[in-house]
Amino acid sequence: MTLSANLAAGLYIVSAVLFILALRGLSSPETSRRGNLFGMIGMAIAIVTTLLVIGVGGKSAALIGGGLALGGIAGAIIARKIPMTDMPQLVAAFHSLVGLAAVLVAVAAFYSPDAFGIMQDGIIKGYSLLELSLGAAIGAITFTGSVIAFAKLNGNMSGSPILLPGRHILNLALALGVAVLIGMLMKSGGTDPRLMWGIIILTLILGVTLIIPIGGADMPVVVSMLNSYSGWAAAALGFTLGNLALIITGALVGSSGAILSYIMCKGMNRGFLSVILGGFGADAAAAASGDREERPVKRGSAEDAAFIMKNASKVIIVPGYGLAVAQAQHATREMADALKEEGVDVAYAIHPVAGRMPGHMNVLLAEANVPYDEVFELEDINSEFANADVAFVIGANDVTNPAAKTDPSSPIAGMPILDVDKASTVLFVKRSLSPGYAGIDNDLFYADNTMMLLSDAKKMVEEIIKSL
Amino acid sequence: MLSMLILAGGGAVSPVVFQFAIFILAIFVGYYVVWSVTPALHTPLMAVTNAISSVIVVGALIAVAAGVGSGSGISTWAGAVAAALCAVNIFGGFLVTQRMLAMYKKKQK
């Protein structure tokens, strides 16, 4: 059975609409599960429609069946096994696969232009070549950029910025080179595959040089940005294939990633350009390590912390990346349960850039069975700190640093912070007194109402539970 | 409407223009839909956008058929590998999203 072109186009629109509904469902946790189901149905429709249009059989059926089965099994296993704390690197890895797939599809179309319907008068149409090379270029940047982001998030390489000398000029030269090659490719009518490969090689390098200068804590922006790129690559190839499902989905994903990047940048009060140009934190860290004055801090034990919190009426827990590193989400929830049994009111406050990707902390707390209506975003809970007896900060640093408000010369000046210093007592769980990612000392450590609980987050919380 | 455009423009409008119009409108749809996503679900949002952007698998399948049809080994294998990569993303992306979403629970009163 083969489908008419119009019917196929109609089915692709149906799958695009289902994808829109999948995103729409995420407006609340109740509707999100149904939304995800819509997404799966949309994908099934797109795949079946394509198989009916191309009419597979024999060799192509074996290759397609084998490829989908192999990849599908691998994907399903990964999805079941991956710990929730590893979600940022998993998403980065997935982005790299979309990027590579986009490159491969562009290459395939370039080598079989007839079958892709992009030939005219014996040469490949000019705008098809533009779409193909843009798809391949964005795909290649997404691929290597995501591999670097993965390595940084997964700890395979250091999270600190790697600054090549003259990196802006290098990146600019690479980008110019790509533009020139695209122009030459369009002019040649696609007769010279070396131009296509040249574009791919330059953009593969560009993906690396763009991401290596960006530090670990800026990864929420990078991961969102690469998410956006993978969408634009898909959309570019959608034009080549004249496929509405790809064009619409690419636009959805592209704008989704762009919005998330914007939200993350706003959470840090930094311009998008300043983040992606990289190098943040490198200078400040160097300066801070030189002359650090010894200031007195008040240290506390688990027993002290348990005593203070037991006698509190309202405790706000502020989780950060340290919670994920120490895998302390379950212990934290147990501590909150124990406090609730003592009649303490417990809430969680989440900063938009806490963790290594958008929503990272929410997922971890959800995994630990924290009800989502106890978890609040910055703007919804910030005024509550003044009424709280205890702010329990666990593995978060820069997002609570009052220097953002008081010191205009600070690298994080103007960044919205959680006002934990307004709480009567601040309990600060931290491994050591070292500064956070931004490389700046946190005055909060030395405040009169702060008690430092210097230990591994999970161990400390478990000891507090014992003393409650 | 198409005929009106032809009259107005003095010539046929290329289908690429219509595709571009759909592209622009879809960006707006994406803009409004994504702003309505609750920040608590931003991680599932990334996982699911990742899964749906693997609809590029459509191109991979066409590439395999095209490569086999035209005898181009490069197209065939590029398509087959791309199909496998997309399948990792599709299954991995949707299933991990499902796993995450199942964890979001309301307070038991």
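Between strand E1 (119-120) and strand E2 (123-124) of chain A there is a loop, and Asp121(A) sits in it. Keep in mind that this is a predicted model. The backbone at Asp121(A) catches the eye: phi is near 50 degrees, a positive value in a residue other than glycine. As for the surroundings, Asp121(A) counts as exposed because its relative accessibility is 79%, and the cut-off for that label is over 50%.

Chain A has another such residue to look at. Gln327(A) is not a glycine either, yet its phi is positive, at about 55 degrees. Here the loop runs between two helices of chain A, H13 (321-326) and H14 (329-341). With 36% relative accessibility, Gln327(A) counts as partly exposed, since that label covers the range between under 20% and over 50%.

What about a residue inside a helix? Thr49(A) belongs to helix H2 of chain A, which spans residues 29-54. Is Thr49(A) buried or exposed? Its relative accessibility is 2%, so it counts as buried, the limit being under 20%. Once neighbours within four places in sequence are set aside, Thr49(A) touches Leu3(A), Ala8(A), Leu11(A) and Tyr12(A).

Here are the three residues of chain A together:

| Residue | Place in chain A | Relative accessibility |
|---|---|---|
| Asp121(A) | loop between E1 (119-120) and E2 (123-124) | 79%, exposed |
| Gln327(A) | loop between H13 (321-326) and H14 (329-341) | 36%, partly exposed |
| Thr49(A) | helix H2 (29-54) | 2%, buried |

Now for the interface between the chains. How many residues of chain B are in contact with chain A? There are 81 on the chain B side, and they meet 101 residues of chain A. Putting the two chains together buries about 8,000 Å², with carbon and sulfur atoms giving 79% of that area. The salt-bridge count between chain B and chain A is zero. Polar contacts do turn up, though: 19 residue pairs across the interface qualify, both partners being at pLDDT 80 or more.

Which elements of chain B give two or more residues to the side that touches chain A? They are helix H2 (15-35), helix H3 (42-53), helix H4 (57-70) and helix H5 (73-101). H5(B) provides the largest share of that side, with 27 residues. Sorted by class, the side of chain B that touches chain A holds 55 nonpolar, 22 polar and four charged residues.

Methods. Residues numbered from 1 in each chain as written. Chains lettered and ligands numbered in written order. Predicted model: local features only at pLDDT ≥ 70, side-chain atom pairs only at ≥ 80, totals over all residues. Heavy atoms only, no water. Helix = DSSP H or I, 4+ residues; strand = E, 2+ residues; numbered from the N terminus. Buried < 20%, exposed > 50% of the residue type's maximum accessible area, 1.4 Å probe, protein only. Contact = heavy atoms within 4.5 Å. Buried area = accessible area lost by both parts, 1.4 Å probe. Salt bridge = Lys/Arg side-chain N within 4 Å of Asp/Glu carboxyl O. Polar contact = N/O pair within 3.5 Å; in protein donor to acceptor, adjacent residues only side chain to side chain. Nonpolar A, V, L, I, M, F, W, Y, C, P; charged D, E, K, R; others polar.
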